[in-house]
Structures are given as structure tokens and as C-alpha cells.
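User: I'd like to learn how to read charged side chains and a ligand site in a model like this one. Can you walk me through it?

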Amino acid sequence: MQAITVRNRDAGLAGMSLTDMPYPHAAENDVIVRVHAAGFTPGELDWPATWTDRAGRDRTPSVPGHELSGVVAELGYGTTGLSVGQRVFGLADWARNGTLAEYTAVEARNLAPLPADVDHTVAAALPISGLTAWQGLFDHGRLTTGQTVLIHGAAGGVGSIAVQLAREAGARVIGTGRAAGRAAGRDRALALGVDTFIDLQTDKLEDAGEADLVFDVIGGDILDRSAALVRPGGTLVSIVLPPKVRPKDGRAIFFVVEPDRARLADLAARVRDGRLKPVVGAVRPLAEAPSAFAPGTRAPGKTIIRVTED
Ligand SMILES: NC(=O)c1ccc[n+]([C@@H]2O[C@H](COP(=O)([O-])OP(=O)(O)OC[C@H]3O[C@@H](n4cnc5c(N)ncnc54)[C@H](OP(=O)(O)O)[C@@H]3O)[C@@H](O)[C@H]2O)c1
């Protein structure tokens, strides 16, 4: 089968190529998925798990990409809830070969059924951004109806989904970003439903006022200054770095997204019903994945790699 591989940590992107790879082995609890569309994270060549397995052993050549939408090709021993030929989408393990491949092995619990009327290219944009947004807002951030949430990077991958989920939960939403940035932050965030937009390049963040939850996707100085915006009893959630500055009377949390089959199914149902729209950017063929990874080439929205035509 064909796959995109990376071979050498020092070479990074220069060592990324379209390669013939063996068809994957279905270990216990694994599903082999025929990948139709895949998502990747631009920074993943910097992740240790791209290069080594859980025991720290070199696992190159490795296949990047951790989001997928496709069709079940084979079931390993012990899998439950899925059948051969079924449409599925989900989140592949960080420390195993990923989704920029015609076939990949994923633990069954990391996959959810995909409704027939949700396109594979849309579903592949959902697992990381959708689960991260949900877990940040509700599992870690404890957001409830009537509260105020400030979402940094509101026009980006995670932020745009967080805005839509928070709105539907009945929260007041303040969005931030760059009005004149790659994603034309202000227009996009207002279209997604933020009540107020703060342009971090021209407005003063502190003018946003207090929020029950601040959800940060930017880090650095913005994260440090966000602690002071958290209301007493509120929460600062970061997905970039553990916060160094904590709210005076509140919680500070950093987390890494976790797979969740039930939540994935819920997010897919929202997409099917038109209540949630992941922002899909360019859709490119597998052979163009190396150039899609290159810094500075990203269009607004999540770049999706179309691996197999439906
Ligand atoms: N911990 C986890 O589990 C987890 C999960 C998912 C993502 N992440 C991380 O979270 C970060 C965001 O991911 P994403 O997919 O949402 O990225 P993204 O699509 O690039 O969105 C980031 C948004 O923030 C804006 N932004 C970035 N820096 C800014 C600044 N200094 N001032 C104003 N606006 C700024 C960007 O504006 P422009 O459009 O103008 O660039 C963009 O709209 C990444 O670092 C990613 O690796 C972590």
C-alpha cells in the first residue's frame, strides 16, 4: 500500500515522501481502516511519539497523521461495536503508524460510526479539534448555561468548534484572534456566533472583562495574561502549555486530548444535523501531503488529505 513516511528526525520534512509500505497487521483490539480522508497536525514532526514507540524505541519509517475517516476493512481479535464495510472516523494512536496511508490499524475504541450523509473530508477534520474543544469546555472547564467563556484563537481549528459548542450550550462567548490574520479572525468568529471579538493585535485583552472560563490555544504572553481574566471560582484551560500564572481564586488546567467513542458519535450527529460545522480548508491528494505540511503554505481551515476516492 502507499503511505507518507518520515524517516529521520534530523531531516524532518525533507525526509517525508510517498512510499510503499506493508499492509498493517491487526493486533488484538485493532481495526484496519481503509482511509478515505486524513487529517494531520502541522507540528507533529516535533512530537517524540512521531519517531519512537511508547518504550522509546526508534519506530521509523513512521506514518504521520492521526485523524481519519474511512471504511472498516478488517477486524482484529476482541473488537466490539464495529463491522467490516462500516463507515468510521476517529483518532489514531500517537505512537503508531498514522493515517496518511491507504490502510491503518487503529484501536476499535478510538473509532466511532460515521453517519452516511457526513462526508469523509468533513469527518476527518473533526476528531482532534472536536474532542479537544469538548473536553476543554465541559470536562475540564465545567462550562454551563449562562456562563461566560473567553475562547482564544476563536477562528482556528479548535477555537471555531469551541465557539459553536459553547453557543449551543447557552454560554456567552468572547472570541479572540487576529482580525487580519490567516483566518480573517474577526469576520469568521462573528459568523460562528461570538458575542464579542477582541483583536489581540489592536485591542487590549484586559478590556474583554472577566470570564468563568478562559480557553487558551495560543500560549506565551496571552496565556500568562489570561489568568487575571478568570472570575473567582472559574477556570483557565490551556491546550498549548501548562499555565505558569494561575488565577488568584480558580483552577489552571493543561490537558492533552483523549479518544472518546461516544463523544465522537455525538459530534458527528451534530455535524449531520447542521448544528456544527468544522472549518475544512484545502483538500489535497496523498502525494501532496509533504507540501501541505510545509510551514507558511496553510490556507484557513483544516487541510485534509484525500487518500481514497469514495
Ligand atoms: N493539548 C491538546 O490536546 C491539543 C489538541 C489540539 C491542538 N493543540 C494545539 O493547540 C494549538 C491550536 O490548534 P488549532 O488546530 O486550533 O490551530 P489553528 O487552526 O492554527 O488555530 C489557532 C488560531 O489562533 C490564532 N492565533 C495564533 N497565535 C495568535 C496570536 N499570537 N495572536 C492572535 N491570534 C493568534 C490563529 O490566527 P491566524 O488564523 O491568524 O493564524 C488561529 O486562528 C496548536 O498549538 C495545537 O498544536 C493541542
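**Charges, a ligand and a loop**

Analyst: Let's start with an odd one: D199 is buried but has no salt bridge, and R186, the nearest side chain of opposite charge, is 4.4 Å away. Buried means under 20% relative accessible area, exposed over 50%, and partly exposed in between (1.4 Å probe, protein chains only). A salt bridge needs a side-chain nitrogen of Lys or Arg within 4 Å of a carboxyl oxygen of Asp or Glu. For charge, Lys and Arg count as positive and Asp and Glu as negative, with His and the chain ends not counted. Keep in mind that this is a predicted model, where local features need pLDDT of at least 70 and side-chain atom pairs pLDDT 80 or more, while totals for chains, interfaces and linings use all residues. Residues are numbered from 1 along each chain as its sequence is written, and side-chain values use heavy atoms, leaving out hydrogens and water.

User: What does the side chain of D199 reach, and at what distance?

Analyst: Look for a polar contact, which is a pair of N or O atoms within 3.5 Å; within protein, one must be able to donate a hydrogen and the other to accept it, and residues adjacent in sequence count only if both atoms are side-chain atoms. Here the D199 side chain reaches the backbone nitrogen of Q201 at 2.9 Å. D199 sits in strand β10 (residues 196-199); helices (H or I, at least four residues) and strands (E, at least two) are DSSP runs, numbered from the N terminus. Leaving aside neighbours within four places in sequence, D199 is in contact (heavy atoms within 4.5 Å) with G177, R178, A179 and R186.

User: How many salt bridges does the structure hold?

Analyst: There are 18. In one of them, the side chains of K302 and E67 meet at 2.6 Å, N to O. K302 lies in strand β15 (residues 302-306) and E67 in strand β4 (residues 67-75), so this pair ties together parts that are 235 residues apart in sequence. K302 counts as buried at 15% relative accessibility, and E67 counts as buried at 0%.

User: Are the partners in the D93 and R96 salt bridge buried or exposed, or in between?

Analyst: D93 is buried, with a relative accessible area of 10%, whereas R96 is partly exposed at 27%. Their closest N and O atoms are 3.5 Å apart. Another pair to look at is E107 with R109, at 3.2 Å: E107 is buried at 18%, but R109 is exposed at 57%. Salt bridges can also join up, and E168, R263, D266, R270, R272, D273 and R275 are linked in such a network.

User: Which residues come nearest to the ligand?

Analyst: For a ligand, list the residues with a heavy atom within 4 Å of it. Of the 20 around this ligand, G157, V158, I239, F255 and V257 come nearest. Then check the N and O atoms: a ligand oxygen is 3.0 Å from an N or O atom in the R178 side chain, and a ligand nitrogen is 2.9 Å from a polar backbone atom of I239. Taken alone the ligand exposes 930 Å², and the protein buries 74% of that; the areas come from the Shrake-Rupley method with a 1.4 Å probe, and for residues only the protein chains shown count as cover.

User: And where is T80?

Analyst: T80 is in the loop between β4 and β5 (87-91), and is exposed at 56%. Beyond neighbours within four places in sequence, T80 is in contact with A108 and R261.
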